[in-house]
Amino acid sequence: DEPWLTLHYKAEGAIEYTGLLFIPEKAPFDLFQLDRKPLVKLYTNRVFISDEIPDLMPPYLRFVKGIIDTKDLPLNVSREMLQKTPVLAKVKKGLVRRLIAEIKARTKDEEDYAKFWLEMGKAFKEGIYEDIDNRSEIAEISRFYSTNGDKLTGLDDYIKRMKDGQKSIFYMTGEDLGVMRNSPQLEGFASRGVEVLL
C-alpha cells in the first residue's frame with residue numbers, strides 16, 4: 001500500500017540524525033499484541049545497529065515504520081550502552097515531536113484524517129496518558145464520536161459547541177458505538193441538549 005504519511009528529514013543541532021519514517025494506510029494486524037517488535041531500525045553512519053530498541057519510539061506510535069541514522073553513537077555500541085545513552089532519549093523526543101507536528105498538519109483534510117484515525121486512533125489515543133510531555137498536543141489532534149452526529153469530532157469543536165454554563169466535558173466509554181448511542185444514561189443529557197463524547 002501507499003503510506004499515509006512519509007517523513008524524511010535531517011535534524012541538526014546538539015545531536016544530528018536522519019529519519020525516514022512511514023505511517024501505513026492500514027493498521028498492522030498485530031497492532032495490539034504485547035510481544036510486537038518495534039518497527040524502527042537504528043543505524044550509525046549507515047551501519048545497522050539494531051531493530052530491537054523499544055525506547056526509540058513510544059508504544060502509542062508502534063505503527064510507525066522506518067529507519068534512523070545518527071553519527072552520534074559509536075559503531076561498537078553495546079545493548080547495555082544503548083539503554084543508558086542520552087543520545088537515544090534526545091532522538092526519541094525529536095522524533096515524537098516531529099511526527100505529532102506532521103500528523104497535526106494532516107488534520108486539515110478531515111476526510112483523509114478520519115481514515116487515519118479509524119485505523120490508528122485506538123493506539124494513538126494511548127499517548128494521552130502515556131506521554132506527559134506531549135499530552136496536550138495528542139489530545140488536540142485526537143478524534144471521538146459524540147452524540148452530535150455520526151462524524152468524528154475533536155475536543156476543540158466539542159468545546160465550541162458546549163452549552164452556556166457547562167464547565168465539564170461529558171463522555172461515555174464502551175465497546176460498541178451503537179449500544180452507547182442507545183444507552184438510557186444519555187437521555188438526561190439529550191433532554192438538556194448536552195453533547196456527550198462516545
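Student: Where is Asn45 found?

Tutor: Asn45 is found in the loop between β3 and β4. Please keep in mind that this is a predicted model.

Student: And what is the phi of Asn45?

Tutor: The phi of Asn45 is positive, about 50 degrees, although Asn45 is not a glycine. Asn45 is also partly exposed, with a relative accessible area of 40%.

Student: Which loop holds Arg46?

Tutor: Arg46 is found in the loop between β3 and β4. Phi of Arg46 is near 70 degrees, which is a positive value in a residue other than glycine.

Student: Is Arg46 buried or exposed?

Tutor: Arg46 is exposed, because its relative accessible area is 74% and the cut-off for exposed is over 50%.

Student: Let us change topic. How many salt bridges does the count come to?

Tutor: The count comes to 7 salt bridges. One of them joins the side chains of Glu126 and Arg62, with 2.9 Å from N to O. This pair links distant parts of the chain, as the two residues are 64 residues apart. Glu126 is in the loop between α3 (110-124) and α4 (127-130), while Arg62 is in the loop between β4 (47-50) and β5 (65-70).

Student: Buried or exposed: what is Glu126?

Tutor: Glu126 is buried, with a relative accessible area of 16%. Its partner Arg62 has 18% relative accessibility, and it therefore counts as buried, since the cut-off is under 20%.

Student: Which backbone oxygen lies 2.6 Å from a polar atom of the side chain of Arg62?

Tutor: That is the backbone oxygen of Leu31. The side chain of Arg62 thus has two partners to remember: the backbone oxygen of Leu31 at 2.6 Å, and the side chain of Glu126, with which it makes a polar contact at 2.9 Å.

Student: What about a salt bridge with Arg98, which residue forms that one?

Tutor: Glu102 forms a salt bridge with Arg98, and the closest N and O atoms are 3.5 Å apart.

Student: Where are Glu102 and Arg98 in the chain?

Tutor: Both residues are in helix α2, which covers residues 86-105. Because Glu102 and Arg98 are 4 residues apart in this helix, about one helical turn separates them.

Student: How accessible is Glu102, and how accessible is Arg98?

Tutor: Glu102 is partly exposed, with a relative accessible area of 25%. Arg98 is partly exposed as well, with a value of 31%.

Student: Which residue meets Asp112 in a salt bridge?

Tutor: The side chain of Asp112 meets that of Arg106 in a salt bridge, with 2.6 Å from N to O. Arg106 is partly exposed, with a relative accessible area of 25%.

Student: Where is Asp112 placed, and is it buried or exposed?

Tutor: Asp112 has its place in helix α3. Asp112 is buried, with a relative accessible area of 19%.

Student: Which side chain does the side chain of Asp112 make a polar contact with?

Tutor: The side chain of Asp112 makes a polar contact with the side chain of Trp4, at 3.2 Å. Asp112 is therefore a residue to view from two sides, with Arg106 as its salt-bridge partner and a relative accessibility of 19%, which counts as buried.

Student: Now the surface. Which residues form the negative patch?

Tutor: The negative surface patch is formed by Asp109, Glu110, Glu111, Asp156 and Asp157.

Student: Which helices supply at least two residues each?

Tutor: Helices α3 and α6 (155-161) each supply at least two residues of the negative patch. Asp157, for example, lies in helix α6. Asp157 is partly exposed, with a relative accessible area of 35%.

Student: One last topic: where is Pro28 found?

Tutor: Pro28 is found in the loop between β2 (17-24) and β3 (40-44). Pro28 is buried, with a relative accessible area of 16%.

Student: How far apart are Pro28 and Glu119 in sequence and in space?

Tutor: In sequence, Pro28 and Glu119 are 91 residues apart. In space, the distance between them is 9.0 Å, taken from C-alpha to C-alpha.

Definitions and conventions:
Residues numbered from 1 in each chain as written. Predicted model: local features only at pLDDT ≥ 70, side-chain atom pairs only at ≥ 80, totals over all residues. Heavy atoms only, no water. Salt bridge = Lys/Arg side-chain N within 4 Å of Asp/Glu carboxyl O. Buried < 20%, exposed > 50% of the residue type's maximum accessible area, 1.4 Å probe, protein only. Patch = residues over 30% accessible without salt bridge, like charges linked within 9 Å, V, L, I, M, F, W, Y side chains within 5 Å. Areas by Shrake-Rupley, 256 points an atom, 1.4 Å probe, with all protein chains shown as cover. Lys, Arg positive; Asp, Glu negative; His and termini not counted. Charge placed at Lys NZ, Arg CZ, Asp CG, Glu CD. Polar contact = N/O pair within 3.5 Å; in protein donor to acceptor, adjacent residues only side chain to side chain.
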